[in-house]
Amino acid sequence: MPEEAYWNPLVPELTVRSLEASLRFYAAVGFGVRFRRDRPAFAYLELGQAQLMLEEQHGEGWDVGPLDRPLGRGVNFQIEVPDVAAVHLALQALGVQPFRGIEDSWYAVSPYQLEGQREFLAQDPDGYLMRFCQYLGTRRAA
């Protein structure tokens with residue numbers, strides 16, 4: 001019996017200027033296209049359990065105001081990947097400069113425990129800020 005497809009209960013849909021340019025960026029990161037349609041130009045992407053929808057800007061879109069670059073101001077999307085360094089290199093090969101380089105960050109999750117991740121930030125072709133992270137595990141808080 002085939003395994004049922006996983007549908008994330010929260011999936012951001014980003015308005016993009018060029019679906020093809022965005023697909024090149026997200027494919028380099030490791031996202032695959034689950035499905036797409038032509039009118040309006042749309043793609044549903046996934047990487048593990050991370051899911052993202054992209055829709056090319058069109059006259060009947062749900063835009064609530066002007067779309068000035070960079071899009072998505074005030075938000076960053078964290079996406080867990082198996083190998084941050086590989087994603088960093090793949091984006092550099094596309095000419096994407098990181099917004100913030102690779103670093104290890106440790107966050108308090110309780111008074112006694114920290115969880116770590118290796119992360120960097122990059123903007124997609126429309127300026128959406130993506131934080132790619134790799135889980136490093138836990139350690140005791142000092």
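This briefing walks you through a sheet and some ring contacts in the structure above. The model is a predicted one. Its open sheet has four strands, and eight aromatic pairs are found in the structure.

**The sheet**

- Reading across the open sheet, the strand order is β5-β8-β7-β6, and the pairing is mixed.
- Strands β5 (76-80) and β6 (100-110) each have a single partner strand, so they stand at the edges with one side lacking a neighbour in the sheet.
- On average, neighbouring strands here are turned by 35° against each other, with direction ignored.
- Strands β7 and β8 run antiparallel to each other and are paired over 11 bridges.
- If you would like one bridge to look for, find E115, whose partner in β8 is T138.
- Helix α2 (residues 84-93) packs on this sheet and touches β6, β7 and β8. The direction of α2 makes about 10° with that of β7.

**Aromatic rings**

- The structure holds eight aromatic pairs. One of them joins F25 and Y26 edge-to-face, with 4.8 Å centre to centre and 80° between the planes.
- Both F25 and Y26 are buried.
- F120 and F132 make a tilted pair, 5.4 Å centre to centre with 35° between the planes. This pair links distant parts of the chain, since F120 lies in β7 (residues 113-123) and F132 in β8 (residues 129-140), 12 residues apart.
- F120 is buried, and F132 is too.
- Ring pairs also connect F25, Y26, F31, F120 and F132 into a cluster.

**Charges over rings**

- R37 has its charged end over the ring of F42, 4.1 Å from the ring centre.
- R139 places its charged end over the ring of W106, 4.1 Å from that ring's centre.

Methods: Residues are numbered from 1 along each chain as its sequence is written. This is a predicted model: local features need pLDDT of at least 70, side-chain atom pairs count only at pLDDT 80 or more; totals for chains, interfaces and linings use all residues. Side-chain values use heavy atoms; hydrogens and water are left out. Rings of Phe, Tyr and Trp (its six-membered ring) pair if their centres lie within 6.5 Å; planes under 30 degrees apart count as stacked, over 60 as edge-to-face and the rest as tilted. Buried means under 20% relative accessible area, exposed over 50%, partly exposed in between (1.4 Å probe, protein chains only). Helices (H or I, at least four residues) and strands (E, at least two) are DSSP runs, numbered from the N terminus. A charge sits over a ring if NZ of Lys or CZ of Arg is within 6 Å of the ring centre and within 35 degrees of the ring normal. Two strands pair if DSSP finds at least two bridges between them. Axes are lines fitted to C-alpha atoms, for helices over the stretch in contact, and angles run from 0 to 180 degrees between N-to-C directions. Contact means heavy atoms within 4.5 Å.
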